[in-house]
Amino acid sequence: MTHRSERLLGVSALARVEGEGAMRVTVRDGRVEDVRLSIYEPPRFFEAFLRGRAWTEPPDITARICGICPVAYQLTACAAIEDACGVAVHREEPGIAALRRLLYCGEWIESHTLHVYLLHAPDFLGLPDALTLARTERATVERGLRLKKAGNDLLETLGGRAIHPVNVRLGGFHRLPTGAELARLERQLTQARRDAEEALEWVGGFDFPELEIEHALLALSEPDRYAIDTGTPLAEPGGAFPVRDFERHVTEHQVAHSTALQADLDGRRHLCGPLARWNLNHRRLPAAVQAAAAGAGLGGRCTNPFRSIVVRAAEVLWAVDESLRIIADYRPPSRPHLEVPPRAGIGYAATEAPRGTLYHRYELDAEGGVRSAVIVPPTAQNQRAVESDLRDFVQARLDLDDAELTRQCEQAIRNYDPCISCAAHFLDLTVDRG
Amino acid sequence: MTTSTPVTAPRPEPDAGHRAPRLAVWKFSSCDGCQLTLLDAEDELLPLAGRVEIAYFLEASRHQEPGPYDLSLVEGSIATPEDEERIRRVRADSRYLVVIGACATAGGIQALRNLADVKEYARTVYARPDYIRTLDRSRPVSDYVPVDFELRGCPIDKGQLLEVVCAFLAGRRPDIPDQSVCFACKARGTVCVTTAHGIPCLGPVTHAGCGAICPAYGRGCYGCFGPVTGARTDALLPLLRRDGLGEREIVRFYRTFNAEAPAFAAAARRAGGQDEAGERDRAGERDRAGEEDSASEHEESEGEGGAA
Ligand code: SF4
Ligand code: SF4
């Protein structure tokens, strides 16, 4: 408790896919009265200007929603439009589907490692950034950068470049990787596996603030493997539902304090992303990854949002292993892509972006013109859960001074999302003494 | 538009004595991809951090130093009233201001709103458009303040970014050649996708810098680096038509990631799209007159043909 009757913690910026945001916490008479996560990034209107574009265009265009997870946007757009056009790449060309999964693994390795090493770990070490950490622990930071680079090299080889890859198209790819390229990746990923194991061990040893929170959960799920590029939405509570019913379960609302829409799951606030995936799907991880995660302190169920960094590190290890498995099993498809001729219809798809479930819906006319587009990103879904976590978190720490409390709130926000995280560095504190 | 604009900005003098140059990275309306390019320079990041003081770079550090800064990198377009004010402050605080990426140099993908009714866009995306504060247009930084250098790309190229940063820190002009993607294809030894396969490609009118990735992967360039100086879009038009693009597809080709870069905007207008309604009218007239070489591709006023 402080001597003030009212405190206003102002956090002036968080990013989503659409960038910048802020947090305000109002405390009155020792109770957290209100927590608001505002996203004030200028709206970029993707859903509006996708109308009238050709059905072939959303994969390249929606990539530009987020520079940190462009592959998630590209592959979800492809899957939704292929659904509208009646093309099932998984059934017709499993080799193409395998390469897509490999590409997505590259993004998981790159994006998660960026988050673990450059955005989140410095919080646990009490440092402003990873560059400061490098002054005393250069080898640790170099290990992280090497691992991140392995993900980026995978993206560059399969996608042409790491940010906004050019090689993805409806039906598959413009060109297939060569055997020599895959062999080079395999060597690099074999090295990366050691780095990923050490990274998991490293973050498992951090001190985790105590916070146990139950939210409703949402993640894609598959019976026999860890779901990323395909799967069925699985809600807890509620169970599985077909992706075409996504908007019936996950509904978006607009609030006055945010330009990003806020979504809920069957009327309840919910969480998607690493913790949701861990709790719903960790049994689908290979035994070796489960054992390494257990060694890093991840039990059967994880409800401490601060441990999301451990889940991310475990998922990096998994993605490296999965990449090696895909390359080992790879049989080149007969063609780089299937034709996806347009037809009138509506297509739906969801995939697991590193930050959580990403959903797209497109309505096409008979010539392939996009009549409407709906995109529900993970950050919109997680916003209410973040607000709720912060409320409990601040309530338990009212004895801290404003600077320390703000720092810890930033860290709590960075549990969720690389996009929010980067802008959460904007945190400023304003104190309103009522 | 040239790659660099003349250096006309006021420059606060650096502090006396020897100290590391101070670098700042700013975000406006964008996807973060261009500033992420700096963090993606895995091999160069730590050496660079040893040479400069990273005074303000929110994606990398919560540590923030007030200005003045020796070099500011600016990502994103100017799209809100607050942006207009903030970019002026950044300019005043920066000795050199370098804008990075299609958003900052040409308004970016979000400049597609410039051709539309933003209120209608807001109604499409938001149940309560009245909560949304935005400018009608998304504009490049150079519309508001003088900039010292413009680096192209959506996203920018890592090698070019490092060259620009090193050049400004060393006090020399960056070595960023003003050539088309075609030069890069030749240098790379890539067979021309248009000549060999009849694939529509904006390479001849697009600024090099990416390393000609798309043709190397068997697709045509879609212009993400924006126009090269002196882009001869007229000369390219017959080739795009020959390779199967109708007027509306050509318009969309130019109106994507660099829609408001003057050479691409002009090319889109000449190809037939003053505005969407005018575009439809003209396409309709041409179809009726039967002049068009590939009228069947766009005779339906609602129809959108396939892009490359
Ligand atoms: S230019 Fe492209 S990559 Fe860079 S910030 Fe804008 S949308 Fe992102
Ligand atoms: S070839 Fe063209 S579209 Fe492809 S990356 Fe280069 S500039 Fe961008």
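Q: Buried means under 20% relative accessible area, exposed over 50%, and partly exposed in between. With those limits in hand, is A:Asp29 buried or exposed?
A: Happily, this predicted model gives a clear reply. A:Asp29 sits in the loop between β2 (21-28) and β3 (31-39) of chain A. Its relative accessible area is 58%. The limit for that class is over 50%, so A:Asp29 is exposed.

Q: What is the phi of A:Asp29, a residue other than glycine?
A: Most residues other than glycine have a negative phi. A:Asp29 departs from that pattern, since its phi is positive. The value is near 50°.

Q: Is B:Ala212 buried or exposed?
A: B:Ala212 also has a positive phi without being glycine, here near 55°. The residue is found in the loop between α8 (193-197) and α9 (213-216) of chain B. Its relative accessible area is 1%. Buried means under 20%, so B:Ala212 is buried.

Q: Which residue does a cis peptide bond join to A:Glu236?
A: Most peptide bonds are trans, which makes a cis bond worth a look. In this one, omega is about 0°. The partner lies in the loop between β7 (232-236) and β8 (239-240) of chain A. The residue joined to A:Glu236 is A:Pro237.

Q: What is omega for the peptide bond from B:Cys154 to B:Pro155?
A: B:Pro155 lies in the loop between β5 (149-151) and α6 (158-170) of chain B. The bond leading to B:Pro155 from B:Cys154 is cis. Its omega is near 5°.

Q: Which chains have residues that surround ligand 2?
A: Around ligand 2 we find A:Arg161 together with several residues of the other chain, among them B:Thr206, B:Cys210, B:Cys214, B:Cys221 and B:Cys224. Also in this shell are B:Pro215, B:Tyr222, B:Gly223 and B:Phe225. The site is therefore shared between chains A and B.

Q: How many residues of the shell around ligand 2 are nonpolar?
A: Cys, Pro, Tyr and Phe count as nonpolar, while Gly is among the polar residues and Arg among the charged. On that basis, two residues of the shell are polar and one is charged. The nonpolar residues number seven.

Q: Which helix gives the most residues to the largest nonpolar core?
A: In soluble globular proteins, nonpolar side chains tend to be buried together. The largest nonpolar core here has 191 residues, and those with the most contacts inside it include A:Ile309, A:Trp318, B:Leu73 and B:Tyr254. One helix, made of residues 94-124 of chain A, supplies 15 residues to this core. That helix is α5 of chain A.

Q: How many residues are in the second, separate core?
A: This core includes B:Trp26 and B:Ala55. B:Val90 and B:Leu97 are also among its members. Its residues number 19.

Q: What is the relative accessible area of A:Leu114?
A: A:Leu114 has its place in helix α5 of chain A. Leaving aside neighbours within four places in sequence, its contacts are A:Ile68, A:Leu119, A:Lys148, B:Leu36 and B:Leu39. A:Leu114 is buried, and its relative accessible area is 0%.

Q: Where does the cover for the buried residues of α12(B) come from?
A: Helix α12 of chain B spans residues 262-271, and its buried residues are B:Phe264, B:Ala265, B:Ala266, B:Ala267, B:Ala268 and B:Ala271. Just after this helix, B:Gly272 takes a positive phi of about 135°. The cover for the buried residues includes two helices of chain B, namely α10 (233-242) and α11 (247-254).

Q: What share of the 434 residues in chain A is buried?
A: Chain A comes to 15 helices and 14 strands. Its accessible surface is about 13800 Å², with 48% of that belonging to carbon and sulfur atoms. Buried residues make up 68%.

Q: What share of the 308 residues in chain B is buried?
A: Chain B has 13 helices and five strands. This chain exposes about 12100 Å², and carbon and sulfur atoms supply 50% of that area. Buried residues make up 58%.

Notes. Residues are numbered from 1 along each chain as its sequence is written. Chains are lettered from A and ligands numbered from 1 in the order in which they are written. This is a predicted model: local features need pLDDT of at least 70, side-chain atom pairs count only at pLDDT 80 or more; totals for chains, interfaces and linings use all residues. Side-chain values use heavy atoms; hydrogens and water are left out. A residue is near a molecule or strand if one of its heavy atoms lies within 4 Å of it. Helices (H or I, at least four residues) and strands (E, at least two) are DSSP runs, numbered from the N terminus. Buried means under 20% relative accessible area, exposed over 50%, partly exposed in between (1.4 Å probe, protein chains only). Accessible areas come from the Shrake-Rupley method with a 1.4 Å probe; for residues, only the protein chains shown count as cover. Contact means heavy atoms within 4.5 Å. A nonpolar core is a set of buried Ala, Val, Leu, Ile, Met, Phe, Trp, Tyr and Cys residues joined through side-chain atoms within 4.5 Å.
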